[in-house]
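Student: I would like to work through this structure with you, one question at a time. Could you keep each answer tied to what can be seen in the coordinates?

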Amino acid sequence: MLEQSKAAGTSRHNPQRHIEENLQIACCRWFQYQWGNFTINGEKIGALLHHSPNGGKRNLFEAKRFKAMGTRAGFPDLWLGIPVDGCPYLCIELKTTESGSRQSEHQRNYERLVKAVGAKYIVVRTLQEFIQAVNDYLAPLTSKK
């Protein structure tokens, strides 16, 4: 069975299965490099880009425990907790450029909720899109310095 999955390119270690995770790592590394030392009121903002590990496979006990602890289906991949020009925070959902990579119903519901409270929610598919979106969002802060 393992040999069949390796031959078919479906091994658990197939890099194609980790495209979104690799995109997220690249986005977080770029953010730390570009914005990690930027300060607001004397505090570095790098730690304000956050990922809540709410995805992945869990057994029933873990799933119930995580739900009781506040984990919510559809929560975005990244949360940037920096208020800018009246917008309280930025939520970023990462998807790949592959066909079929789209938001789930839970993610669309979260997008609607985030926008309803006056925050910003974006979907990005590439590192370049992430860079552009974050730079655009944080640009007003650079003019205030």
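Student: Which residue in strand 6 does leucine 94 stand opposite?

Tutor: Keep in mind throughout that this is a predicted model. Strand 5 and strand 6 pair in the parallel sense, over 5 bridges. Within strand 6, the residue that stands opposite leucine 94 is valine 124.

Student: In which order do the 4 strands of the open sheet lie?

Tutor: The chain as a whole holds 5 helices and 6 strands, and 4 strands form this open sheet, with mixed pairing. Strand 3 (49-50) and strand 6 stand at the edges with a single partner strand each, so one side of each is left without a neighbour in the sheet. The order of the strands is 3-4-5-6.

Student: Do strand 4 and strand 5 run parallel or antiparallel?

Tutor: In general, the strands of a sheet pair through backbone hydrogen bonds, in either of two senses. Here 3 bridges join strand 4 (residues 78-80) to strand 5. Two of the residue pairs can be named, since tryptophan 79 has cysteine 91 as its bridge partner in strand 5, while leucine 80 has leucine 90. The two strands run antiparallel.

Student: How many of the 5 residues of strand 5 are buried?

Tutor: Side chains in a regular strand alternate between the two faces of the sheet. In strand 5 both faces are covered, with Leu90, Ile92 and Leu94 buried on one side and Cys91 and Glu93 buried on the other. The strand is therefore largely enclosed by the rest of the structure, the number of its residues that are buried being 5 of 5.

Student: Which strands do the buried residues of helix 4 pack against?

Tutor: Helix 4 covers residues 105-116 and reaches 17 Å from its first C-alpha to its last, close to the 16 Å expected. Its buried residues are Gln107, Tyr110, Glu111 and Val114. Seen down the axis of helix 4, these buried residues fall within an arc of 105 degrees, so they line one face of the helix. They pack against strand 5 (90-94) and strand 6 (120-124).

Student: Is glutamate 105 buried or exposed?

Tutor: Glutamate 105 has its place in helix 4, and it lies on the other side of that helix from the buried residues, together with Arg112 and Ala116. Its C-alpha is 9.5 Å from that of alanine 73, although the two are 32 residues apart in sequence. Because its relative accessible area is 55%, and the cut-off is over 50%, glutamate 105 counts as exposed.

Student: At about what angle does helix 2 run to strand 5?

Tutor: Helix 2 (residues 19-35) lies across strand 3, strand 4 and strand 5. Helix 4 also packs on the sheet, touching strand 5 and strand 6, and its direction makes about 145 degrees with that of strand 6. For helix 2 and strand 5, the angle is about 145 degrees.

Student: What phi does glycine 118 take?

Tutor: Glycine 118 comes just after helix 4. Its phi is positive, at about 90 degrees.

Student: What percentage of the 145 residues of the chain count as buried?

Tutor: The chain exposes about 9,700 Å², of which carbon and sulfur atoms supply 54%. Among contacts with a separation of 6 or more, residues 24 or more positions apart account for 63%. Of the 145 residues, the share that count as buried is 33%.

Key: Residues are numbered from 1 along each chain as its sequence is written. This is a predicted model: local features need pLDDT of at least 70, side-chain atom pairs count only at pLDDT 80 or more; totals for chains, interfaces and linings use all residues. Side-chain values use heavy atoms; hydrogens and water are left out. The expected span of a helix is 1.5 Å times one less than its number of residues. Buried means under 20% relative accessible area, exposed over 50%, partly exposed in between (1.4 Å probe, protein chains only). The arc is that of the directions from the helix axis to the C-beta atoms. Contact means heavy atoms within 4.5 Å. Two strands pair if DSSP finds at least two bridges between them. Axes are lines fitted to C-alpha atoms, for helices over the stretch in contact, and angles run from 0 to 180 degrees between N-to-C directions. Accessible areas come from the Shrake-Rupley method with a 1.4 Å probe; for residues, only the protein chains shown count as cover.
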